[in-house]
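Good morning, everyone. I'd like to walk you through one structure today, so please have a look at it on the screen.

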Amino acid sequence: MKRKRIAILTGGGDCPGINAVIRAVAKKAMLEKEMEVIGIEDGYHGIVNPRWRSLEYEDVSGILTLGGTILGTSKTVNPYRYAVRKGNRLEFKNLSEITVKNLKSLNIESLVCIGGDGTLGIAYRLFKDGVPIVGVPKTIDNDLRGTDITFGFDSAVSIATGGIDRIHTTAESLHRIMIVEVMGHTAGWIALYSGVAGGGDIILIPEIPYDIHRIAEKVKERNKKGKRFSIVVIAEGAKPEGGDIVIQRFVKESSDPIRLGGIGFILGEQIERITGLETRTVVMGHLLRGGSPTPFDRILATNLGAKTVDLIEDKNFGCMVGIKENSLVVVPLKEVAKGPKLIPLNHPMIKAARSLGTCFGD
Ligand code: F6P
């Protein structure tokens, strides 16, 4: 009998735990379901311009703790808006037909797309165009709808918290205001969680626009009480009341071309000018995406990966596996494609932090 075949791709930014998902999907598919597993290289790139390879057991064994993705990934390839360079100009083409054709030539039962909102948004379109797809929620930002948590987030929070801990000692010794800028795109999840875990005095998130004078007041108030340093944790997407986010670069090829970063430096200058206190800014940036996943992310990735194979077996396509109230759930990709999941303003962690005197800049 011919063995059933599945393919896996990883799209968007890398993050700790991707290899753990690849391992879980591939091992269960091979061992329990006797399926063949194909690895697509560099996300949607490897389908538009066919580049894939057969994954053997040895390829997926020993990768649980490995950061990054053994398949490679891409943040700029969208089959529905494929960028082609013509001299200095970029032209966009719809290559979805060839993409679907290439996928069909693989004779797969299903394509497993491990990705964030960009990758899963494209996956939803491919599903509507006839490709059997199952999604797995990946992003350090934790901003995906349909799931309470994405794998990669806990690892990023852990790295950010470690950074804040180290910043604390230098801030305290030199009596400085230290600003730690963390990723998170348009959502403040990483800033909120690492800010609370690291004991940030001021936490600034995109969901709550800040007033610079309120921040300066808080810093001065702490100084008066003898706390001659302050830690500000700011999300890259944070913005002042009535102001704008800071765009660091524009990646034209990307379907989500805006790259954020730099708000921490602007805030630092303003705080120093208003309070007269010495201020420094540290940008954690891509450090948050590197290295080995935390135990929590390894477990989450393993559970999500194993469940993905059940969905394939049940022919439950056009869906993503997710977590709701600590249980595995199946969510339609349509739900996921509705835009980012921001922090609700009544989030219990905001409430708890406020009750302890943490300032959110409002
Ligand atoms: O979505 C993950 C993420 O790391 C965001 O937190 C950040 O805004 C963005 O990707 C950075 O993108 P790039 O890797 O293209 O610089």
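Where does the ligand sit? In the largest pocket. Keep in mind that this is a predicted model.

Let's start with the pocket itself. It holds about 850 Å³ of space. The lining of this largest pocket counts 41 residues, and the closest to its centre are Gly-13, Lys-75, His-185, Arg-259 and Arg-289. Which elements give two or more residues to that lining? They are α5 (117-128), β8 (177-182), β11 (247-250) and β12 (258-260). Helix α5 gives the most, with four residues. By character, the lining divides into 18 polar, twelve charged and eleven nonpolar residues.

Now the ligand. Who surrounds it? Going along the sequence, we meet Lys-75, Ile-140, Asp-141, Met-183, Gly-184, His-185, Glu-236, Arg-259, His-286 and Arg-289. This shell has five charged residues, three polar ones and two nonpolar ones. Note that Lys-75, His-185, Arg-259 and Arg-289 belong to the shell, and these four are also among the residues closest to the centre of the largest pocket.

Next, some distances. Which side chains should you look at? Take Asp-141: one of its polar side-chain atoms lies 2.6 Å from a ligand oxygen. Arg-259 has a side-chain N or O atom 2.6 Å from an oxygen atom of the ligand. For His-286, the distance from a side-chain N or O atom to a ligand oxygen is 2.8 Å. And how much of the ligand does the protein bury? Taken alone, the ligand exposes 400 Å², and the protein buries 80% of that.

One more site before I stop. The second largest pocket has a volume of about 280 Å³. Its lining includes Asn-142, Asp-148, Phe-153, Tyr-193 and Glu-325. Which helix provides the largest share? That is α10, residues 295-313, with four residues. Among the lining residues in this part of the chain are Phe-296, Ile-299, Leu-300 and Asn-303. Overall, the lining of the second largest pocket divides into seven nonpolar, three polar and two charged residues.

To recap: the ligand sits in the largest pocket, with Asp-141, Arg-259 and His-286 each reaching a ligand oxygen at the distances I gave. Thank you.

How values were computed. Residues numbered from 1 in each chain as written. Predicted model: local features only at pLDDT ≥ 70, side-chain atom pairs only at ≥ 80, totals over all residues. Heavy atoms only, no water. Near = heavy atom within 4 Å. Polar contact = N/O pair within 3.5 Å; in protein donor to acceptor, adjacent residues only side chain to side chain. Areas by Shrake-Rupley, 256 points an atom, 1.4 Å probe, with all protein chains shown as cover. 1 Å grid on protein atoms, 1.4 Å probe; cavity = no way out; pocket = protein on both sides within 12 Å on 5 of 7 lines; lining within 4 Å. Sits in = over half its atoms within 2 Å of the grid points. Nonpolar A, V, L, I, M, F, W, Y, C, P; charged D, E, K, R; others polar. Points joined across faces, edges and corners; volume = space filled by probe spheres on them.
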